[in-house]
Amino acid sequence: MKKNKKLKCPICGKQILKTKEYVPFCSKKCGDIDLLKWLNGKYFVTEDKGI
Ligand SMILES: [Zn+2]
């Protein structure tokens, strides 16, 4: 049995190659998407509290 570390991008599900720059994402694009999700979530919480 092989025990290779197969990283999968949490955004698009693609297998991540040796691109340490964007780990744990496959690309900068997916990293940005995750960041936006996080920022949006934080923003929504703040907005909800404001109302
Ligand atoms: Zn991706």
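A residue is partly exposed when the number of other C-beta atoms within 10 Å of its own lies between the two cut-offs, buried at 20 or more and exposed at 12 or fewer. The views below are of a predicted model.

**Figure 1. Overview of the predicted protein, with 1 helix and 0 strands.** Of the 51 residues in the protein, 6% are buried. Helix 1 covers residues 28-50. The close-ups that follow show positions in helix 1 and in the segment before it.

**Figure 2. Close-up of Asp-32 in helix 1.** Asp-32 has 13 other C-beta atoms within 10 Å, and therefore counts as partly exposed. Ile-11 lies 21 residues away from Asp-32 along the chain. The C-alpha atoms of Asp-32 and Ile-11 are separated by 10.0 Å.

**Figure 3. Close-up of Asp-34 in helix 1 and the residues it touches.** Asp-34 is partly exposed because 15 C-beta neighbours fall inside 10 Å. Once residues up to four places away in sequence are set aside, Asp-34 touches Pro-10, Ile-11 and Phe-25. For Pro-10, the separation from Asp-34 is 24 residues along the chain and 8.6 Å between C-alpha atoms.

**Figure 4. Close-up of Cys-26 in the segment before helix 1.** Cys-26 is buried because it has 21 C-beta neighbours inside 10 Å, and the cut-off for a buried residue is 20 or more. Apart from neighbours within four places in sequence, Cys-26 is in contact with Cys-9, Cys-12, Lys-14 and Ile-16. One of these contacts, Cys-12, is 14 residues from Cys-26 in sequence. From C-alpha to C-alpha, Cys-26 and Cys-12 are 8.3 Å apart in space.

**Figure 5. Close-up of the cis peptide bond between Val-23 and Pro-24.** Omega for the bond joining Val-23 and Pro-24 is about 10°. Pro-24 is placed in the segment before helix 1, as is Cys-26.

Key
Residues numbered from 1 in each chain as written. Predicted model: local features only at pLDDT ≥ 70, side-chain atom pairs only at ≥ 80, totals over all residues. Helix = DSSP H or I, 4+ residues; strand = E, 2+ residues; numbered from the N terminus. Contact = placed C-beta atoms within 7 Å.
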